[in-house]
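Q: I'm a first-year student, and I would like to look closely at a single part of this structure. Could you walk me through it slowly and then show me how it fits into the whole?

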Amino acid sequence: MSKKRYIVLIIVILCCSLGYGLYTLVVSPTKSLKPIYVIPSNAVFFIETEEPISTWEEIRANTIWKHLKKQTYFSELTENANTLDTLFQENKKLFKLLGSRALLVSAHMYKKNDYDFLFVVDLQKISKFTQLKDYLDKVLSDDYSFSRRIHDKHEIIELLDKTTKETLYITILDNLLVASYTNALTEAAIAEYVKPVIGRDQYYLDVFKKVGHDDMLRLYVQQNYLDDFAKAYMDVPNESLQYISDNLLYSGFSFDLDNDLLKAEGYTNFKDTNETYIEALHKSGLGKRSIAKVAPQRTAFYLSLGFDDFERFYENFQELKAKKEATFQTYDNTILKTEKFLNISVQDQFISWMDDEIAFLQLQPNALGKKNEFAVVLKAKDGDDAKEELDFVLKQIKKKTPVKFRQVSYRGYAINFMAMKGFFKPLLGRFFKDLDKPYFTIIEDYVIFSNHPQTLKDIINDFEAKNTLITSKEYKRFSENFDSKSNMFAYLNMPLFYKNISTMLSATARKELERNKAYITCFSQIGLQLSASGAMFESKFTAAYRDPKTFEKILHFTAQPQEMLNIKYSVLPKIMAQPEVSNNHLLRMVEDEEVIKVDAITPDDLNAKKYKELYKDGTLKVSVPLKKGLKHGVYRKYFPTGTINIKGRYKKDKRVGVWKVYDKEGNTLERKRY
């Protein structure tokens with residue numbers, strides 16, 4: 001919304017509130033209508049407050065707002081807000097005399113991939129002021145023209161900006177002033193006035209009663225339209241958002257501001273007529289969050305699902321599935337076929353050892369280049385029991401299938417391959433549908449699955465280097481804003497997630513994302529928690545603000561390829577002693593230790609005999625023999641021309657003998673004995 005739009009809207013509201021306000025103060029409206037009764041039913045979200053003046057004063061003094069207003073969009077908003085602020089400051093006595101006014105702003109998808117806002121102000125007693133057009137004509141310049149028309153027995157005033165050709169559509173419905181720059185929204189508000197939907201929706205009322213109204217401001221989200229809203233920014237539909245839209249109803253939050261925290265608490269309800277996963281979670285008690293013990297600090301997204309016991313959750317899941325047999329028949333068939341073919345028991349080999357938390361991790365890309373790494377972590381009651389049962393499954397797979405895979409040991413941890421296509425979705429739910437024929441390892445009491453073995457190696461590296469979320473003071477401090485037990489906990493490290501999200505956005509949205517990086521990553525950590533409470537979920541939301549300039553100075557150490565680990569540990573104390581250090585500086589210091597840097601090798605088949613990597617034109621780039629998933633033999637890296645660039649030998653993943661680096665003419669540039 002442009003700067004001029006805000007100014008015009010402010011003038012309209014003030015004209016109603018101040019113009020002839022004292023004269024009409026004694027006139028009482030025939031009705032006192034709540035703003036929610038004119039909000040069109042397709043609202044994606046709406047914000048409301050009973051104290052817009054004091055709320056604005058609190059917002060304008062906050063550190064977060066002071067940073068955001070430097071951004072182009074917010075600077076326009078701030079300039080207009082400052083205009084409004086000046087008017088508030090100069091007319092405090094009059095505003096106090098007129099009383100507080102409820103303000104509600106809602107967002108609506110009024111056409112495909114586009115949305116706009118509707119503004120509703122409770123004018124209270126002064127709503128009987130009928131000379132709005134005449135007063136606006138006196139206040140505004142000749143740059144505007146006015147017209148009136150009747151829509152469904154209600155007058156709409158059209159305020160046209162002759163320069164921008166934009167029109168503000170205004171109507172007064174009993175005690176409410178309604179305005180929007182989209183005609184369809186103002187007309188939809190009139191239709192809602194005649195036949196309210198949201199204001200009479202029992203699901204909304206249930207959340208509304210829980211959230212209350214004794215606070216600064218409140219945000220309500222209508223989940224059903226969340227995926228449509230996201231399409232305004234994304235080229236490809238997001239399945240997670242679609243799932244939320246299909247299964248959750250309303251979320252209501254009351255907000256509080258601290259200097260560096262944006263906090264909200266409220267409630268969320270859900271549909272009991274759709275998929276059963278959310279309902280099963282709601283019925284299964286709360287689980288303790290502990291997977292942060294093995295989740296790397298480079299975790300961009302962490303989704304934790306908790307229950308007091310997985311067996312109880314699975315029983316509830318099965319019971320609810322039985323009521324919707326047609327929908328979930330394929331789930332049961334997959335489980336039964338797998339059990340019969342491998343002669344295993346899902347109850348004995350999986351459910352028996354699973355504890356109170358399962359989690360999905362999306363990691364900042366490391367050795368896998370641009371690919372987003374992901375892992376699924378299952379908390380076990382006892383890691384040894386889990387190993388025993390999973391070893392039995394592996395033994396049965398070896399007997400029944402032609403898949404040949406030897407167990408690979410990496411830094412003392414066994415990595416195995418589980419060829420059970422399509423098995424994990426019916427066991428763990430649709431959140432984990434992408435887990436297909438995964439590799440897995442066990443760290444203490446945590447069983448970790450991933451489709452790529454290199455991801456497991458990186459997680460092991462981070463765990464051994466103590467680079468996990470639980471060792472991060474910043475994460476621990478942030479986590480204290482949430483309960484230790486919950487049904488669902490979603491965590492975003494925004495600076496890391498920012499790098500992962502670009503593949504989900506349209507080209508236009510991607511450019512906007514880059515342009516506004518400082519205003520996105522300044523919310524360094526974002527968390528949302530849902531915990532069963534009565535018939536709903538108690539909801540907590542927190543966003544931690546951090547000055548981007550300060551944040552950029554912090555080094556996030558990530559797992560390094562195995563060939564760099566030994567030198568990394570020797571160099572690390574030197575690096576940590578320096579207050580401002582970058583990842584590039586880390587590489588320079590590693591190079592200073594005379595390590596010949598080679599690209600990370602990430603075989604996706606640990607049973608392969610050789611690893612090859614090609615340039616885009618098909619020319620060989622890298623080749624090295626493999627033994628049990630480890631580099632073992634002569635390593636060669638080539639220039640695009642086909643001439644040798646680096647040559648050396650590996651023995652069980654460690655460099656041995658003499659390594660050489662050549663230029664494009666074949667001259668030796670560097671040699672080192674390992």
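Which strand pairs with β18 in the antiparallel sense over 5 bridges?

A: Happy to help! It is strand β17, residues 439-443, that makes this antiparallel pairing with β18 over 5 bridges. Strands here are DSSP runs of E with at least two residues, while helices are runs of H or I with at least four, all numbered from the N terminus. Two strands count as a pair if DSSP finds at least two bridges between them.

First, a word on what you are looking at. This is a predicted model, in which local features need pLDDT of at least 70 and side-chain atom pairs count only at pLDDT 80 or more, while totals for chains, interfaces and linings use all residues. Residues are numbered from 1 along each chain as its sequence is written, and side-chain values use heavy atoms, with hydrogens and water left out.

Now to the hairpin. Between β17 and β18 there are 2 residues, and E444 has a positive phi near 55°. Most residues other than glycine have a negative phi. Beside the turn, I443 is placed opposite Y446 of β18.

β18 has another partner too. Strand β14, residues 373-380, runs antiparallel to β18, and 4 bridges join the two. At one of these places, L378 has V447 of β18 as its bridge partner.

What about burial? Because 5 of the 5 residues of β18 (446-450) are buried, the strand is largely enclosed by the rest of the structure. Buried means under 20% relative accessible area, exposed means over 50%, and partly exposed lies in between (1.4 Å probe, protein chains only). In a regular strand the side chains alternate between the two faces of the sheet. In β18, Y446, I448 and S450 are on one side, with V447 and F449 on the other, and both faces are covered.

For a comparison, look at β4 (144-151) and β5 (154-161), whose loop holds D152. These two strands also pair in the antiparallel sense, over 8 bridges, and they form a hairpin with 2 residues between them. H151 faces H154 of β5. In the turn, D152 has a positive phi of about 50°, although D152 is not a glycine. K153, also in this loop, has a positive phi of about 75°. D152 is partly exposed at 42% relative accessibility, whereas K153 is exposed at 79%.

Another buried spot is T299, in strand β12 (residues 299-306). T299 has a relative accessible area of 0%. Its side chain has a polar atom 2.6 Å from the backbone oxygen of P296. Beyond four places in sequence, T299 is in contact (heavy atoms within 4.5 Å) with L361, Q362, L363, L469, Y491, N493 and L496.

Compare V656 in strand β28 (residues 654-662), which is partly exposed at 26%. Among residues over four places away, V656 has contacts with R649, Y650, K651 and Y674.

Let's step back to the whole protein. It has 24 helices and 29 strands, and 52% of its 674 residues are buried. Of the contacts between residues at least 6 apart in sequence, 66% join residues at least 24 apart. The largest nonpolar core has 91 residues, and F350 and M418 have the most contacts inside it. Such a core is a set of buried Ala, Val, Leu, Ile, Met, Phe, Trp, Tyr and Cys residues joined through side-chain atoms within 4.5 Å. Not counting residues up to four places away, F350 touches I344, S345, L390, V393, M418, M420, F423 and L427. Apart from this core lies another, of 27 residues, including V38, I39, V207 and Y267.

Finally, how far should you trust each part? The mean pLDDT (the predictor's confidence in each residue, from 0 to 100) is 76, and 68% of the residues reach 70 or more. Confidence is highest in strand β19 (residues 485-486), at 95, and lowest in helix α23 (residues 562-576), at a mean of 36. Over residues 552-594 the pLDDT is below 50, though the model gives this stretch 69 contacts beyond near neighbours in sequence. Where pLDDT is low, the predicted coordinates should not be read in detail.

Terms used: A polar contact is a pair of N or O atoms within 3.5 Å; within protein, one must be able to donate a hydrogen and the other to accept it, and residues adjacent in sequence count only if both atoms are side-chain atoms.
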